[in-house]
Structure formats: structure tokens, C-alpha cells
Amino acid sequence: MSALAELEEFESQGAEIQQSLDEAPKLQIKLSKPQSRVFNSPARFRINVAGRRSGKTYLAKVLLVAAALREKNQRVWYVAPTYRMAKQIIWSEIKELVLSMGYAASKPNESDLSIPLLNGSMISLRGADNGDSLRGVGIDFLVMDDAQDMNEETWFAVLLPALA
């Protein structure tokens with residue numbers, strides 16, 4: 001497949017993903033104007049460069065839940081530079097949101113940092129410190145936090161192909 005054909009396919013998939021997000025069950029959330037621009041962007045890949053206390057983690061949490069709810073059996077990942085960072089940054093917040101909304105199919109898996117949803121989707125937290133451990137799984141939606149601290153190969157050789 002030519003590079004142009006691959007790019008057209010990625011753009012097509014991006015439009016489909018945005019349409020699915022638009023049709024997701026309505027979450028009771030409030031987003032600032034900058035957060036709303038990122039959330040509503042039709043771009044396949046969105047980059048959010050913002051300062052501390054700007055609500056990046058809150059936006060990531062909302063994006064993850066919305067992507068998991070948009071249709072059945074979605075595999076949704078949050079990836080931080082290390083597994084420990086993923087747990088420290090967002091685990092308690094994502095659990096609280098999913099449990100309070102009543103969308104959890106069962107108790108969150110504390111050792112795997114994953115939450116199964118009633119619609120068959122799964123939200124999982126991962127660390128990029130062991131890129132090989134991320135291989136072999138297809139992903140429907142991905143949030144990368146502190147991507148500047150991750151090995152480029154993890155994105156290009158592991159995560160990007162998993163999104164295809």
C-alpha cells in the first residue's frame with residue numbers, strides 16, 4: 001500500500017472515530033474551552049500541550065471513558081512513561097468516574113490496572129517503559145501522557161501499528 005493510500009485510510013478512520021465519539025452516551029462533564037477544542041477535534045491524532053493544573057488528566061479521563069462507551073468491545077489504553085506513573089496519575093480518578101457512573105461490568109482489576117465495562121469494552125493503563133510488553137494487541141483508542149519521556153520506537157514500532 002502506498003504512503004498516500006495509508007494516509008487516506010488513517011484520515012478515513014479518524015472521521016469514523018470522531019463520529020462514534022459524537023454518538024457516545026452523554027457524560028455529565030464540564031470542559032473548559034481549551035479542553036473542548038481537544039475533545040471535539042476531528043483529527044485522528046490530537047496533541048495537547050498545556051501547563052500544570054490545566055486539566056490534562058481530567059480531559060484524558062473523559063476521552064478514555066467516551067471512547068470506551070462509543071461502541072461495544074473497545075480496547076482503550078492510557079499509556080504513561082512507566083506503569084507506576086500511569087497508576088499514580090490517573091488510576092484512582094478513572095476508577096471513580098467509571099464506578100460512579102455505573103458502567104463497570106465488574107470490580108476493577110488492581111493488579112492489571114484495567115476496568116471492564118458493561119458494553120464489553122476495557123479501559124487499561126500501561127507503561128511504556130517495557131515497549132515489548134505492549135506488542136500484539138489491537139487498540140481502538142489511546143491516550144499517551146508525557147509522551148516526550150517515552151522512547152520514539154514505542155510509538156512508531158508498537159503503539160501506532162496497534163491502532164491501525
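These exercises, each with a worked solution, concern a predicted model of a protein chain.

**Exercise 1. The overall layout**

Task: State how many helices and strands the protein chain has, and give their pattern along the sequence.

Solution.
Step 1. The secondary structure consists of five helices and four strands.
Step 2. Going along the sequence, the pattern is α-α-α-β-α-β-β-β-α.
Step 3. The chain has 164 residues, and 42% of them count as buried.
Step 4. Take the contacts in the chain with a separation of 6 or more: residues 24 or more positions apart account for 63% of them.

**Exercise 2. Helix α3**

Task: Check the span of α3 against its number of residues, then find which of its residues are buried.

Solution.
Step 1. The expected span is 1.5 Å times one less than the number of residues. With 14 residues, α3 should therefore span 20 Å.
Step 2. The end C-alpha atoms of α3 are 20 Å apart, which agrees.
Step 3. Eleven of the 14 residues are buried, so α3 is mostly covered.
Step 4. The buried residues are Leu59, Ala60, Lys61, Val62, Leu63, Leu64, Val65, Ala66, Ala67, Ala68 and Leu69.
Step 5. Buried means under 20% relative accessible area. Ala67 has a value of 0% and is therefore buried. Lys61 has 10%, so Lys61 also counts as buried.
Step 6. Ala67 can also be placed relative to Trp77, which is ten residues away along the chain. The C-alpha atoms of Ala67 and Trp77 are separated by 9.9 Å.

**Exercise 3. Helix α4**

Task: Compare the expected and actual spans of α4, locate its kink, and say what its buried residues pack against.

Solution.
Step 1. For the 19 residues of α4, the rule of 1.5 Å a residue gives 27 Å. The end C-alpha atoms are 25 Å apart, which agrees.
Step 2. A kink of about 50° in α4 is centred on Ile90.
Step 3. Ile90 is one of the buried residues of this helix, together with Ala86, Trp91, Ile94, Lys95, Leu97 and Val98.
Step 4. The buried residues of α4 pack against α3, β1, β2 and β3.
Step 5. The contacts of Lys61, in helix α3, show part of this packing. Leaving aside neighbours within four places in sequence, Lys61 is in contact with Ile90, Glu93, Ile94 and Leu97.
Step 6. With the same neighbours left aside, Ile94 is in contact with Lys61, Leu64, Val65, Ile115, Ile123 and Leu125.

**Exercise 4. The nonpolar cores**

Task: Describe the largest nonpolar core and state which element gives the most to this core.

Solution.
Step 1. The largest nonpolar core has 29 residues. Those with the most contacts inside this core are Leu64, Tyr78, Ile94, Val98, Ile123 and Leu125.
Step 2. Two or more residues each come from α2, α3, β1, α4, β3 and β4.
Step 3. The most, ten residues, come from α3.
Step 4. Another core, of 13 residues, lies apart from this one and includes Trp77, Ala128, Leu142 and Leu163.

**Exercise 5. The largest pocket**

Task: Give the volume of the largest pocket and describe its lining.

Solution.
Step 1. The largest pocket holds about 990 Å³ of space.
Step 2. Its lining has 33 residues, and Arg46, Ile47, Asn48, Val143 and Met144 lie nearest the centre.
Step 3. The elements giving two or more residues to the lining are α1, α3, β4 and α5.
Step 4. The largest share, five residues, is from α3.

**Exercise 6. Loops and positive phi**

Task: Decide whether Leu118, Asn73 and Asp146 are buried, partly exposed or exposed, and identify residues with positive phi.

Solution.
Step 1. Exposed means over 50% relative accessible area, and partly exposed lies between 20% and that value.
Step 2. Leu118 is in the loop between β2 and β3. Its value is 59%, so Leu118 is exposed.
Step 3. Leu118 and Gly102 are 16 residues apart in sequence and 8.7 Å apart, C-alpha to C-alpha. Gly102 follows α4 and has a positive phi, near 80°.
Step 4. Asn73, in the loop between α3 and β1, has 56% relative accessibility and therefore counts as exposed. Asn73 is not a glycine, yet its phi is positive, about 60°.
Step 5. Asp146, in the loop between β4 and α5, has a relative accessible area of 26% and is therefore partly exposed. Asp146 is also a residue other than glycine with a positive phi, near 55°.

Technical notes. Residues are numbered from 1 along each chain as its sequence is written. This is a predicted model: local features need pLDDT of at least 70, side-chain atom pairs count only at pLDDT 80 or more; totals for chains, interfaces and linings use all residues. Side-chain values use heavy atoms; hydrogens and water are left out. Buried means under 20% relative accessible area, exposed over 50%, partly exposed in between (1.4 Å probe, protein chains only). A nonpolar core is a set of buried Ala, Val, Leu, Ile, Met, Phe, Trp, Tyr and Cys residues joined through side-chain atoms within 4.5 Å. Contact means heavy atoms within 4.5 Å. The bend at a residue is the angle between axes fitted to the seven residues ending there and the seven starting there. On a 1 Å grid over the protein atoms alone, a cavity is a set of points where a 1.4 Å probe fits but cannot get out, and a pocket is an open set with protein on both sides within 12 Å along at least five of seven lines; lining residues have an atom within 4 Å of a point. Grid points are joined across faces, edges and corners, and a volume is the space filled by probe spheres set on the points.
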